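Here's a quick briefing to read with the model open beside you. Take it topic by topic and click along as you go.

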Amino acid sequence: MTSPDLSLLAAVDGVMFDVDGCLVISDGPAGQGGTALPGAAELIDQMRASGRRVCVFTNGTAQPPAVIAAHLRELGVDVADDEVLTPAVAAARALHDLYGDQPVLAYGGDGVSPALRVHGLNLVDPDEHASGAASGAVAVLVGWDTEFTKPKLQFAAEAIGAGAALYCTSDAPAFASRDRLNVGVSGFIVAGLSHVTGKPWTVLGKPSPFALDTVCWALQTTPERTLVLGDDLYLEGSMARSGGAVAGIVLTGMTTPEKLADTPAEDRPDVVVGSMIELAELFADADESRMSVPTRSER
């Protein structure tokens, strides 16, 4: 691996950390029942001590942010509830901007609906399918719903057929785990709905611009002063590169040296490290020259 441009790290004001394969490794979503990866907790502390803001963004919506934060704290990774983001938060902001108080049909349970309500969305009860009534929804949002049954499929498909736009929290096929491939649920459901209705879907979680906008909103930064750090070239890497943020990949999850070698030069991340410990050392070196360092857009 080649040495990164330390001036990019020196100019960073905020860091977004992925969870699975980046901060922790486990066999459950969002680090549940897992262990913290070496140096993860220490790097977050180092970022705060340097004056940088931090947030955590997992692409899973099985649990609300507060529950995910509690899991991470149990593993020794000190993050506050309001420092944890999920695609449900990005979806809430995006759908509110797009549709205001018009009705939205959302699937995903406790990991989705509360975040939408906090942002003022008008939610259709997905259990209304039992009555056979039309939803009246202008949008259908699919999150992590392991109980997505035939009646739910029917109700959602009818809403889409009546004109509702189709959205997904994440269509990632899998996420990093300790011992096996952990498959994604949301993408599986939305692909089925698209197959049934013939309508395309829009992703609101990583790697979408809606997700990066939510990261910068939470960190109070601009993209060029934000490090997007994760283990997935598609999710974190492409989101950062397409949005003008600093792209960082740690080789403790989905990305291997072989995958990296096959990645076109224009899509490769700005920073590649083998561990959080290595990244902490790079930040320490970068911070020696942090004063008066121009951002990428200023050079």
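Leaving aside neighbours within four places in sequence, which residues is Phe 17 in contact with? Keep in mind that this is a predicted model. The list for Phe 17 runs to Leu 23, Leu 43, Ile 44, Met 47, Val 54, Cys 55, Val 56, Phe 57, Leu 229 and Met 276.

**The nonpolar cores**

- Phe 17 belongs to the largest nonpolar core, a set of 35 residues, and it is one of five that touch the most other members.
- The rest of that group is Leu 23, Leu 227, Leu 279 and Phe 283.
- Helix 11, residues 276-287, supplies the largest share of this core, with six residues.
- There's also a second core, separate from that one, with 20 residues, including Ala 157, Ile 160, Leu 166 and Val 185.

**Val 140 and its surroundings**

- Val 140 sits in strand 8, which covers residues 139-142.
- Its relative accessibility is 0%, so Val 140 counts as buried.
- Setting aside neighbours within four places in sequence, Val 140 is in contact with Leu 105, Tyr 107, Ala 156, Ala 159, Ile 160, Ala 164, Ala 165, Leu 166 and Tyr 167.
- Val 104 is 36 residues from Val 140 along the chain, yet their C-alpha atoms are separated by just 6.0 Å.

**Helix 4 up close**

- Helix 4 has 13 residues and spans 17 Å from first C-alpha to last, close to the 18 Å expected at 1.5 Å a residue.
- Ten of those 13 residues are buried, so helix 4 is largely enclosed by the rest of the structure.
- The buried ones are Pro 87, Ala 88, Val 89, Ala 90, Ala 91, Ala 92, Arg 93, Ala 94, Leu 95 and Tyr 99.
- Right after helix 4 comes Gly 100, which has a positive phi near 60°.

**How helix 4 meets helix 8**

- Helix 4 (residues 87-99) packs against helix 8 (residues 209-219) at an angle of about 100°, and the axes are 9 Å apart.
- Angles of 65 to 115 degrees count as roughly perpendicular, and helix 4 and helix 8 are therefore described that way.
- On the helix 4 side, the contact is made by Val 89, Ala 90, Arg 93 and Ala 94.
- Helix 8 brings Phe 210, Ala 211, Asp 213, Thr 214 and Trp 217 to that contact.
- Sorted by class, the contact has six nonpolar, one polar and two charged residues.

**Backbone oddities on either side of helix 8**

- As background, most residues other than glycine have a negative phi, and most peptide bonds are trans.
- Lys 206 and Pro 207 are joined by a cis peptide bond, with omega at about 10°.
- Pro 207 is in the loop between strand 12 (201-203) and helix 8.
- Gln 220 isn't a glycine, but its phi is positive, about 55°.
- You'll find Gln 220 in the loop that runs between helix 8 and strand 13 (226-230).
- Is Gln 220 buried or exposed? At 64% relative accessibility, Gln 220 counts as exposed.

**A buried loop residue**

- Gln 63 is in the loop between strand 4 (53-57) and helix 3 (65-74).
- Buried means under 20% relative accessible area, and Gln 63, at 11%, is therefore buried.
- The C-alpha atoms of Gln 63 and Asp 110 are separated by 6.2 Å, although the two are 47 residues apart along the chain.

Methods: Residues numbered from 1 in each chain as written. Predicted model: local features only at pLDDT ≥ 70, side-chain atom pairs only at ≥ 80, totals over all residues. Heavy atoms only, no water. Axes fitted to C-alpha atoms, helices over the stretch in contact; angles between N-to-C directions. Helix = DSSP H or I, 4+ residues; strand = E, 2+ residues; numbered from the N terminus. Parallel < 35°, antiparallel > 145°, perpendicular 65-115°, else oblique. Contact = heavy atoms within 4.5 Å. Nonpolar A, V, L, I, M, F, W, Y, C, P; charged D, E, K, R; others polar. Core = buried A, V, L, I, M, F, W, Y, C linked by side-chain atoms within 4.5 Å. Buried < 20%, exposed > 50% of the residue type's maximum accessible area, 1.4 Å probe, protein only. Expected span 1.5 Å × (residues − 1).
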